[in-house]
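Notebook open, coffee at hand. Today I am looking up one helix and its surroundings.

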Amino acid sequence: MMRIGRPNLDDAPAWYGYFFDLAPGDDLLEALENSKQYTLELMSTIPAEKEDFAYAEGKWTIKQAFIHLADEERYYAYKAFCYSRQTNVHLEIPMGENYAKDFNVSKRSFKDITDDYLAVRNATIILFKGMSNEMLDFKDFPVTPTYTARSLGWFAVGHNLHHCKLIKEKYLGQ
């Protein structure tokens, strides 16, 4: 199987560097798999009474944080898919006041959210397994900042680990 190496720092906005630094290793597929296992292990330790806990006023609950992980990964995987297929797509980053804060959390069980995360991550892994180096590194669109599928994949790993760290520290006091 092909090894997908680290991204070029010029293939993403400067603020991605923080997330790239959080993602260990030198193979994206391995990093995606390892962070999936890490996240599933963390999810399995969340007590039922903490699922709807927010560590401060206006902050997401644990359920909302994990929904955010799945939603953001969907977004970045779709963007990576488009770039890998040389499809010019300008997607607004789903952040800020317009980003849904409730995530329909009252209608979703923690098991449903765990299954959602797992399905999204497995789809991301399969997506990247099918990419060639040319697909991973295509960047001929006149867009600033420049992205590549490779940089978006590594961002997904770092973003995932960033939120797991926050959940452990701020929500679970670990």
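I started with the length of α2, keeping in mind that this is a predicted model. At 1.5 Å a residue, its 17 residues should span 24 Å, and I found the end C-alpha atoms 24 Å apart, so the two agree.

Next I asked myself which residues of α2 are buried. My list reads Leu28, Leu29, Ala31, Leu32, Ser35, Lys36, Thr39, Leu42 and Met43. These buried residues lie on the same side of α2, because the arc they cover around the axis is only 155°. A reminder to myself: an α-helix has 3.6 residues a turn, so residues three or four places apart point the same way. On the face turned away from the buried side I noted the exposed residues Glu41 and Ser44.

Then I looked for what covers the buried residues, and the cover includes α3 (62–84), α4 and α6 (149–171).

I picked α4 (residues 110–129) for a closer look: α2 packs with it at an angle of about 175°, with the axes 10 Å apart. The two helices are therefore roughly antiparallel. Among the contact residues I jotted down Leu32, Lys36 and Met43 of α2, and Tyr117, Leu118 and Phe128 of α4. By class, this contact has eleven nonpolar, five polar and four charged residues.

Last, I checked Lys36, which sits in α2. Is Lys36 buried or exposed? Its relative accessibility is 8%, so Lys36 counts as buried. Leaving out residues up to four places away in sequence, I found Lys36 touching Tyr117, Leu118, Arg121, Asn122 and Ile125. Those five names also turn up among the α4 residues that make the contact with α2.

Note on methods: Residues numbered from 1 in each chain as written. Predicted model: local features only at pLDDT ≥ 70, side-chain atom pairs only at ≥ 80, totals over all residues. Heavy atoms only, no water. Helix = DSSP H or I, 4+ residues; strand = E, 2+ residues; numbered from the N terminus. Buried < 20%, exposed > 50% of the residue type's maximum accessible area, 1.4 Å probe, protein only. Contact = heavy atoms within 4.5 Å. Axes fitted to C-alpha atoms, helices over the stretch in contact; angles between N-to-C directions. Parallel < 35°, antiparallel > 145°, perpendicular 65-115°, else oblique. Nonpolar A, V, L, I, M, F, W, Y, C, P; charged D, E, K, R; others polar. Expected span 1.5 Å × (residues − 1). Arc of directions from axis to C-beta.
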